[in-house]
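Here are some worked exercises to try with the model open in your viewer. Have a go at each task before reading its solution.

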Amino acid sequence: MKNPIRKAIEDAMDRNDITVKDIAKRKIMTAPTYYAKVKNPERFRLDDIWRLDSLLHFTEEEFKAIRERKYR
């Protein structure tokens, strides 16, 4: 099963047609940093999530999943 943080971020990226290149272009985080954190999602800090939300616009369900570490 995929990590809930990773799944929520990937779902939001798919929904908004956002790529890692877009995240880097908006200076939210560099591509290598993004990939390192996706590989180990527990490394995402709250400020990372807020910066990603400024581009991805997480749904309430995705925020809840990130917070509770549960996502379907």
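**Exercise 1: the two sides of a helix**

E60, E61 and R67 are exposed (over 50% relative accessible area, 1.4 Å probe, protein chains only; buried is under 20%, partly exposed in between) on the other side of α5 from its buried residues. This is a predicted model, in which local features need pLDDT of at least 70 and side-chain atom pairs count only at pLDDT 80 or more, while totals for chains, interfaces and linings use all residues. Residues are numbered from 1 along each chain as its sequence is written, and side-chain values use heavy atoms, with hydrogens and water left out.

Task: Which residues in α5 are buried, and what do they pack against?

Solution.
- Step 1. Pick out the buried residues of α5: E62, F63, A65 and I66. The helix itself is a DSSP run (H or I, at least four residues; strands are E, at least two), numbered from the N terminus.
- Step 2. Check how they are arranged. They lie on the same side of α5, because they cover an arc of only 160 degrees around the axis, with the arc taken from the directions from the helix axis to the C-beta atoms.
- Step 3. Look for the partners. The buried residues of α5 pack against α1 and α4, where contact means heavy atoms within 4.5 Å.
- Step 4. Look just past the helix. R69 follows α5 and has a positive phi, near 65 degrees.

**Exercise 2: two glutamates**

Task: Is E62 buried or exposed, and how about E61, buried or exposed?

Solution.
- Step 1. Place them: E62 is in helix α5, and E61 is in helix α5 as well.
- Step 2. Read the accessibility. E62 has a relative accessible area of 2%, so it is buried, whereas E61 counts as exposed at 51%.
- Step 3. Find a partner for the E62 side chain. It makes a polar contact with the side chain of R15 at 2.7 Å. A polar contact is a pair of N or O atoms within 3.5 Å; within protein, one must be able to donate a hydrogen and the other to accept it, and residues adjacent in sequence count only if both atoms are side-chain atoms.

**Exercise 3: following the charges**

Task: Which residues are linked with D47 in a network of salt bridges?

Solution.
- Step 1. Set the rule: a salt bridge is a side-chain nitrogen of Lys or Arg within 4 Å of a carboxyl oxygen of Asp or Glu. The count comes to seven salt bridges.
- Step 2. Start at D47, which is partly exposed at 34% relative accessibility. Its side chain meets that of R45 in a salt bridge of 2.9 Å, N to O, and R45 is partly exposed at 48%.
- Step 3. Go along the helix. D47 also forms a salt bridge with R51, with the closest N and O atoms 3.7 Å apart. D47 and R51 are four residues apart in helix α4, so about one helical turn separates them.
- Step 4. Now take D48, in helix α4 (residues 46-56). D48 counts as buried because its relative accessibility is 2%, and its side chain makes a 2.6 Å polar contact with that of K37. Beyond neighbours within four places in sequence, D48 is in contact with M29, K37 and R43.
- Step 5. Put it together: the network links K37, R45, D47, D48 and R51.

**Exercise 4: the core**

Task: Which residues touch the most other members of the largest nonpolar core?

Solution.
- Step 1. Define the set: buried Ala, Val, Leu, Ile, Met, Phe, Trp, Tyr and Cys residues joined through side-chain atoms within 4.5 Å.
- Step 2. Name them. The largest nonpolar core has 20 residues, and I9, I23, Y34, F44, L52 and F58 touch the most other members.
- Step 3. See where the core comes from. At least two residues come from each of α1, α2, α3 (31-39), α4 and α5, and α1 gives the most, with five.
- Step 4. Zoom in on I9. Apart from neighbours within four places in sequence, I9 is in contact with Y34, F44, I49, L52, L56 and F58.

**Exercise 5: confidence**

Task: Where in the protein chain is confidence lowest, and where is it highest?

Solution.
- Step 1. Start with the whole chain. The mean pLDDT (the predictor's confidence in each residue, from 0 to 100) is 91, and 94% of residues reach 70 or more.
- Step 2. Compare the elements. Helix α5 (residues 60-68) is lowest, at a mean of 89, and helix α2 (residues 20-25) is highest, at 97.
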